[in-house]
2 protein chains.
Amino acid sequence: MPEPIRFHFDFLSPFGYFASLRIDDIAARHGRTADWHPMLIGVAVLKVMGLPPVGSIPLKGDYVRRDAERYVRRHAVPITLPLREPDTSPLPAGRLFAWLKRHHPEAAKPVARDVFHAYWVDRADIADPALLAGIAARHGLDRETVQAAIASPEAASLLRAAVDESLAQGVFGSPFVIVDGEPFFGAEKLELVEEWLATGGW
Amino acid sequence: MPEPIRFHFDFLSPFGYFASLRIDDIAARHGRTADWHPMLIGVAVLKVMGLPPVGSIPLKGDYVRRDAERYVRRHAVPITLPLREPDTSPLPAGRLFAWLKRHHPEAAKPVARDVFHAYWVDRADIADPALLAGIAARHGLDRETVQAAIASPEAASLLRAAVDESLAQGVFGSPFVIVDGEPFFGAEKLELVEEWLATGGW
């Protein structure tokens, strides 16, 4: 069985959301699975890179918004427009995801998909532990256990470890896919990811 | 006759070079022409954006080099590796191009293609006016006229105007293609440019 492909995402990244809708199907078409990894672009990566948030960069910010809206049309992405800019903390959802991967791995992706949906379609505040616990409860988890987990030092530590490990792998954006060590940044690299999986690379 | 598509490039940008090898064929396949526009990323755009050169950005610099080398293999780009980092002034070649567009438009693209080749394949110093004049001479221009043109205030002013006009259009990278007002940044958007040309957009 070949290695899973690595899928790195930030819940607050629109392109990360877009890729989350496709990555498992892409992997499955090539006999793979996708291992999801929480990343923190604004909180961690941009500090390492020494960059401001992309939306605030002259010229590029406007382009990226337009590019995202174009992607939404081309792929008929379920989303509520206008696009949100990062407007809440990604930490509670990231901690929950890291904790689920450790303790309830079968629930991690289903919960993450619902968190993405809550943020990008329902425009919910995904920093709210009660909202996150409600999502987890739909997947069979106990609400109070989940709320305690989100606030636990263990979850914070698991997320920090995931972010550090992703940085060590060179991850600097969302989405960021790694196939057998080969890195691909951006939702519009997914066609290249497919080609790489199909051909073994070039 | 539909409008030409706009192709913005910096001679020192590897992805700009890659796109220069394809853009006219792409346009022609859809009954268009490509209007080439000189841009200055390091000299002008990055100052507007407040960013350092991409090659110097932690994590992203390494990725972009790897991504460029991967593009070279996938598209069998004629190039001498390792990739050059910007290591000379793009101004003389940009001024020559802007001046040719005004005074010898039929020679502008052929000369630009040879300048790209000189930089990326022959590893020549394209800031050398004598080298540029030699290239122009191969396309029927008088060497001394060209050397004088490169040093002229008119050429500097024409390049400055081209850069200002491109900034006003939102151009912030190389390559940057605009189809009927729709902007596309990056060599790996060329497939999307083709789709947009073929379908009228989405």
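User: Is B:Ser166 buried or exposed?

Analyst: This is a predicted model, where local features need pLDDT of at least 70, side-chain atom pairs count only at pLDDT 80 or more, and totals for chains, interfaces and linings use all residues. Residues are numbered from 1 along each chain as written, chains are lettered from A and ligands numbered from 1 in written order, and side-chain values use heavy atoms, without hydrogens and water. Buried means under 20% relative accessible area, exposed over 50%, partly exposed in between (1.4 Å probe, protein chains only). B:Ser166 has 0% relative accessibility, so it counts as buried.

User: Which residues does B:Ser166 touch, not counting residues up to four places away in sequence?

Analyst: Contact means heavy atoms within 4.5 Å. On that basis, the partners of B:Ser166 are B:Arg6, B:His8, B:His37, B:Pro38, B:Met39 and B:Val171.

User: What relation links chain A and chain B?

Analyst: Copies are superposed by least squares on C-alpha atoms of residues with pLDDT of at least 70 in both. Chain A lands on chain B after a rotation of 180° with 0.0 Å of shift along the axis, RMSD 0.0 Å. That makes the relation a two-fold axis.

User: In chain A, which residue has the C-alpha nearest the axis?

Analyst: Both copies use the same surface, as 100% of the contact residues of chain A recur in chain B. As for the axis, the nearest C-alpha in chain A lies 3.7 Å from it and belongs to A:Leu51.
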